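Trainee: Could you take me on a close look at one part of this model, the place where its two helices pack in the first domain? I would like to follow how that part is built and what it touches.

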Amino acid sequence: MASIKEKLPKTVEKYETKDFTYLTDSLKGISKEAMELHFKLYNGYVMKTNQINQLLKEVDISTANHNYSDLRELLIEKSHNLNGVILHELFFSNLTDDETKPSEILKSVVERDFGSWDKYIENIKACAKASRAGWAISAYNFRDGKINNFAIDQHDLHMPAFVIPILIIDVWEHAHITDYGIDKPAYIDAIFENIDWHVVSRRLENQFSDLLSE
Ligand SMILES: [Fe+2]
């Protein structure tokens with residue numbers, strides 16, 4: 001009989017860069033050049049996260065201090081870089097060149113929480129405009145049971161705890177400067193032509209296993 005230790009989920013010692021090159025030349029309104037630069041940047045976050053994790057194994061924790069300490073600096077950069085990895089992976093994987101539609105469950109929740117699908121889209125696009133250099137996130141909030149929209153600056157500022165992101169939009173300058181210069185709203189409109197609503201629906205429905213099993 002397997003021991004509890006043997007049954008524990010597998011761990012990851014080193015992050016690997018995921019392959020999203022299928023998106024390189026297929027998205028509407030987003031150039032190959034912009035995507036290639038974006039993948040390079042994402043790869044940088046993966047490399048830095050691995051480097052920081054290694055340094056965290058070696059750092060002297062006896063000097064930990066909130067004013068300045070090696071541990072503190074590494075922890076701050078870990079949150080920044082790890083979120084840089086995760087948010088980019090969630091963003092790239094909710095993009096597609098296929099025509100997709102939201103599921104009935106996603107539409108029902110959106111209509112309940114925002115009044116209508118159009119009002120929801122208007123709201124999340126506005127949140128994307130309100131984010132400085134960062135992200136707009138639609139997330140399922142376990143505390144109120146609703147979809148909440150958030151604006152995240154950088155990768156790690158104003159990130160709510162205990163919510164599940166279902167739709168992630170990158171609105172850093174690097175995401176729009178190549179194709180749209182500083183016209184962020186035009187870039188946001190273009191991204192919304194490429195959303196994989198099947199993926200977004202599935203991310204929400206994964207939280208509703210009881211409903212789906214009835
Ligand atoms: Fe990005």
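Mentor: Happy to; here is a walk through that helix pair and then its contact with the rest of the protein. A word on the ground rules: this is a predicted model, in which local features need pLDDT of at least 70 and side-chain atom pairs count only at pLDDT 80 or more, while totals for chains, interfaces and linings use all residues. Residues are numbered from 1 along each chain as its sequence is written.

The domain assignment, which comes from an automatic or database source, gives domain 1 as residues 29–93 and domain 2 as residues 104–213. Our pair is helix α2 (residues 32–58) and helix α3 (residues 70–93). Helices here are DSSP runs of H or I with at least four residues, strands are runs of E with at least two, and both are numbered from the N terminus.

The two helices pack at an angle of about 145°, and their axes are 8 Å apart. Axes are lines fitted to C-alpha atoms, for helices over the stretch in contact, and angles run from 0 to 180 degrees between N-to-C directions. The crossing of α2 and α3 is left-handed, meaning that the near helix is turned anticlockwise from the far one by less than a right angle.

Now for the residues that meet. From α2 come Tyr42, Tyr45, Val46, Lys48, Thr49, Ile52, Leu55 and Leu56. Facing them in α3 are Leu74, Glu77, Lys78, Asn81, Leu82, Gly84, Val85 and His88. Two residues are in contact if their C-beta atoms, placed from the backbone, lie within 7 Å. The residues of this contact divide into nine nonpolar, four polar and three charged. In that count, Ala, Val, Leu, Ile, Met, Phe, Trp, Tyr, Cys and Pro are nonpolar, Asp, Glu, Lys and Arg are charged, and the others, Gly among them, are polar.

The same helices also matter when you look outwards, to domain 2. The centres of the two domains, taken over C-alpha atoms, are separated by 22 Å. Their contact takes 16 residues from domain 1 and 17 residues from domain 2. On the domain 1 side, α2 and α3 are the elements that give two or more residues. The largest share of that side, eight residues, comes from α3. The side of domain 1 that touches domain 2 divides into seven nonpolar, eight polar and one charged.
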